[in-house]
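Subject: Structure handover

Hello,

Please find the structure below, with its sequence. My notes on it follow.

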Amino acid sequence: MLKTLIYMLSYHPDEFGLIPDNNEFFKIKEIFQALNFTKKFKKLNLNILKQLFSYYYRDFFEFLETSNLVKPKEKRFTPPFKISLTQVYNFKKLWTFVKPRLWYQLCLDEKWSPKEGLFPVFTEKELAENWAKAKGALLIEVLPYKFFEDIEIYQFGEKVLLLSYLHHNFLKGPSIDQKFIRKYLPQQKPAERPDPIIPFNQTAFNQENYQTDQDLPFRKLTHGKKKEKPWKKYQKKKARLRENLE
């Protein structure tokens, strides 16, 4: 495990599609997803990986537990560097992954720029497919010969390129039809309206629900005494007569 992580984060993160931020940190969730691509660590879960970075491998990696970021203490990879359009033409096809809602937005608005950082594209289709499955996204083909002149391109290793924006003109993906909308863009059910609150009407309550004593049915008050049954009354009377005779 340690050798794999050192190779992955210190030497060749581009082989696994991992891209560091401006401070050279990697997201631990993406590291976990990249390890799943190798199919070597089936029993590994995210909590165990956090424990490895925070305690067992702390001599080799810097782990920010609050933000779940990992950085190798010894960096051997070359950071991304800018390249020209003519250099990109050496790649006939590229691939990337796009969430269904973003693909729908690209088809409507044509252009989309990430809020932070750059958008990754890959030189290997299999690597892009792995990330598409991990992210729950669509596999999209990228056509370099249709890039615009104002686009900024950075190369990271041998398998990753970073673009400043995406445009529908140089992307090739599924068509937006009714089948796509039903599958990926389900209509949200309208929120159920609560029942209206009926204000309390004191006058209506007094007139309709309140009854006077005269309207109530007659009921004899017994003050908690039960009515004596006739046969018991007769037995008591007979016993008193017998006592008097004696």
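Two charged side chains sit over aromatic rings in this predicted model. The charged end of Arg-58 lies over the ring of Tyr-55, at 4.5 Å from the ring centre. In the other case, the charged end of Lys-75 is placed over the ring of Phe-77, and the distance to the centre is 5.6 Å.

Next, the rings among themselves. A pair of aromatic rings is described by the distance of the centres and the angle of the planes. Searching the whole structure gives 14 aromatic pairs. One of them joins Tyr-7 and Phe-16: the ring centres are 6.4 Å apart and the planes stand at 85 degrees, which is over 60, so this pair is edge-to-face. Phe-16 is buried, since its relative accessible area of 13% is under the 20% limit. Tyr-7 has 36% relative accessibility and therefore counts as partly exposed.

A further pair is formed by Phe-180 and Tyr-184, and the arrangement here is tilted, with 4.8 Å from centre to centre and 50 degrees between the planes. Both residues belong to helix H7 (residues 178-184); because they are 4 residues apart in it, about one helical turn separates them. An α-helix has 3.6 residues a turn, so residues three or four places apart point the same way. Phe-180 is buried, at a relative accessible area of 5%, whereas Tyr-184 is partly exposed, at 28%.

There is also an aromatic cluster, made up of Phe-97, Trp-112, Phe-119 and Phe-122.

The remaining notes concern helix H1, which spans residues 2-11. Its buried residues are Leu-5, Met-8, Leu-9 and Ser-10. Viewed down the axis of H1, these buried residues fall within an arc of 165 degrees, so they line one face of the helix. What covers them? The cover includes three strands, S1 (26-27), S2 (61-64) and S3 (69-72), together with helices H2 (28-38) and H3 (46-56).

How do H1 and H2 pass each other, and at roughly what angle do their axes cross? The axes come within 12 Å and cross at roughly 115 degrees, and the crossing is right-handed. On the H1 side, Thr-4, Leu-5, Met-8 and Leu-9 make the contact; on the H2 side, Ile-31, Ala-34 and Leu-35 do. Leu-5, Met-8 and Leu-9 thus appear both in the list of buried residues and in the contact with H2.

Regards

Methods
Residues are numbered from 1 along each chain as its sequence is written. This is a predicted model: local features need pLDDT of at least 70, side-chain atom pairs count only at pLDDT 80 or more; totals for chains, interfaces and linings use all residues. Side-chain values use heavy atoms; hydrogens and water are left out. Rings of Phe, Tyr and Trp (its six-membered ring) pair if their centres lie within 6.5 Å; planes under 30 degrees apart count as stacked, over 60 as edge-to-face and the rest as tilted. Buried means under 20% relative accessible area, exposed over 50%, partly exposed in between (1.4 Å probe, protein chains only). Helices (H or I, at least four residues) and strands (E, at least two) are DSSP runs, numbered from the N terminus. A charge sits over a ring if NZ of Lys or CZ of Arg is within 6 Å of the ring centre and within 35 degrees of the ring normal. The arc is that of the directions from the helix axis to the C-beta atoms. Contact means heavy atoms within 4.5 Å. Axes are lines fitted to C-alpha atoms, for helices over the stretch in contact, and angles run from 0 to 180 degrees between N-to-C directions. A crossing is left-handed if the near helix is turned anticlockwise from the far one by less than a right angle, and right-handed if clockwise.
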